[in-house]
Amino acid sequence: MVDHPLAASRLTALRDARSDNGAFRAALHELTTMLVYEAARAFPPETYPIETPVGPTTGTRIANPPLLVPVLRAGLGMTDAALALLPESQMGFVGLARDEETYEPRAYLESLPRDLTGLPVLVLDPMLATGGSLEHCCRLLVERGCTDITVLCVLAAPEGVARLEASGLPLRLVTASIDEGLNDKMFIVPGLGDAGDRQFGGM
Ligand code: PRP
């Protein structure tokens, strides 16, 4: 859980129905910076020699930068902030749309390296509702040999957290909120609506 006053204020802007598309995208960008910052605490560093203008010293960098995988569409709004903090990272893409009758994800894009053995992955998706979309995405990663997944979400429903826990997938979740639950349309309550629509407009 990322619990910080600056994160809480951006989360408020995301929840507020009066925030227009531009304000929503700006708040998502800024909150993603904070989520990546917290998630990266667990990334093992390595040292290497550098020279300052005064003399030699030891520098530090992330030993194995993660592959960034936004879940389209809504995860696209998290990519610029993540790439800014992790400029060495490569990217893959997964496109999923949740069927609004069955609530199961329908995959329409899968652009990932064939072999993810030894490569940590940072999955970007603002919302974890039923958990179907993120479980599907993480299974794609594990099928390619990934054993180290960090999922970044702005907010999550307890039902989705429970589904990911029960999946047994090798992942950890970093989020700014675990909300009350899901309504009968499987929307997170109080939530923020649909993060894709609020960034890019309705389909
Ligand atoms: C939303 C959201 C997640 C998913 C969460 O995407 O961005 O990917 O739903 O729901 P779940 O946990 O119940 O699977 P959506 O399918 O609306 O697509 P979009 O990003 O294109 O708006």
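Biologist: What is the make-up by class of the shell around the ligand?
Modeller: The model is predicted. Its shell around the ligand has 12 nonpolar, 6 polar and 4 charged residues. Gly counts as polar here, so G196 goes into the polar class.

Biologist: What makes a residue part of the surroundings of the ligand?
Modeller: Its C-beta atom, placed from the backbone, must lie within 6 Å of the molecule. By that cut-off, 22 residues surround the ligand. R98, A129, T130, S133 and G196 are the closest.

Biologist: Which elements each supply at least two residues of that shell?
Modeller: β4 (93-98), β7 (127-128), α4 (132-143) and α6 (195-200). The largest share, 3 residues, comes from β4.

Biologist: How do you know that β3 and β4 pair?
Modeller: Pairing takes at least two bridges found by DSSP. Strand β3 (residues 67-72) is joined to β4 by 2 bridges, so the two strands pair. They run parallel. L72 has G95 in β4 as its bridge partner.

Biologist: What makes β4 and β5 a pair, and in which sense, parallel or antiparallel?
Modeller: There are 6 bridges between β4 and strand β5 (residues 105-111). The requirement is at least two, so they pair. The sense is antiparallel. F93 has S111 in β5 as its bridge partner. The hairpin of β4 and β5 has 6 residues between the strands. There, Y103 takes a positive phi near 65°.

Biologist: Why is residues 2-201 called a phosphoribosyltransferase domain?
Modeller: That name comes from the UniProt annotation, in an unreviewed entry. Over residues 2-201 the chain is 32% helix and 30% strand. The end C-alpha atoms are 28 Å apart.

Terms used:
Residues are numbered from 1 along each chain as its sequence is written. This is a predicted model: local features need pLDDT of at least 70, side-chain atom pairs count only at pLDDT 80 or more; totals for chains, interfaces and linings use all residues. Helices (H or I, at least four residues) and strands (E, at least two) are DSSP runs, numbered from the N terminus. UniProt positions are given in the numbering used here, feature names are shortened, and annotations may be inferred rather than shown by experiment.
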